[in-house]
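Me: I would like to learn how to read charged pairs and nonpolar cores in a protein model. Could you take me through them one at a time?

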Amino acid sequence: QVQLVESGGGLVQAGGSLRLSCAASGGTFSTYTMGWFRQAPGKERDFVAAIRWSGGRTYYADFVKGRFTISRDNAKNTVYLQMNSLKPEDTAVYYCATARPGSRWPPGDLYDYDYWGQGTQVTVSS
């Protein structure tokens, strides 16, 4: 039903920046709360950030520590994750997802989301 495609991942040095994008189709994007998660090999998929449909309400995991910013452009059906001051421990596959229509706020749990993208790899070298 809803299709999500992430892009913008890559290999960067510690202290560098990346901006991830997630393009949505097949649904009413402007009505969805959107989220970003990340998962390293052998580890759990962890919540990173979420943003309401209006773009005026956001929520971040503690480990972001002011380094990441989530935003969206409803006219482009796209959500972004600006990542600054990257650290090697940020290395993971990053996924975007749509929150369930009746999900709680803040939607910081894996099961608050129903549709997922394929993920984009972020690698931070030391």
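Me: How many salt bridges does the count come to by the rule?

Reply: Side chains of opposite charge can pair when their charged atoms come close. A salt bridge here is a side-chain nitrogen of Lys or Arg within 4 Å of a carboxyl oxygen of Asp or Glu, and by this rule the count comes to three. This is a predicted model, in which local features need pLDDT of at least 70 and side-chain atom pairs count only at pLDDT 80 or more, while totals for chains, interfaces and linings use all residues. Residues are numbered from 1 along each chain as its sequence is written, and side-chain values use heavy atoms, with hydrogens and water left out.

Me: Which residues are linked in a network of salt bridges?

Reply: The network links Arg38, Arg67 and Asp90. Arginine 38 meets aspartate 90 at 2.8 Å, N to O, and because arginine 38 lies in strand β4 (strands are DSSP runs of E, at least two residues, numbered from the N terminus) and aspartate 90 in the loop between β8 and β9, the pair ties together parts 52 residues apart in sequence. Aspartate 90 also forms a salt bridge with arginine 67, the closest N and O atoms being 2.7 Å apart.

Me: Is aspartate 90 buried or exposed?

Reply: Buried means under 20% relative accessible area, exposed over 50%, and partly exposed in between, with a 1.4 Å probe and protein chains only. Aspartate 90, at 0% relative accessibility, counts as buried, and arginine 38 is buried with 11%.

Definitions and conventions. Helix = DSSP H or I, 4+ residues; strand = E, 2+ residues; numbered from the N terminus.
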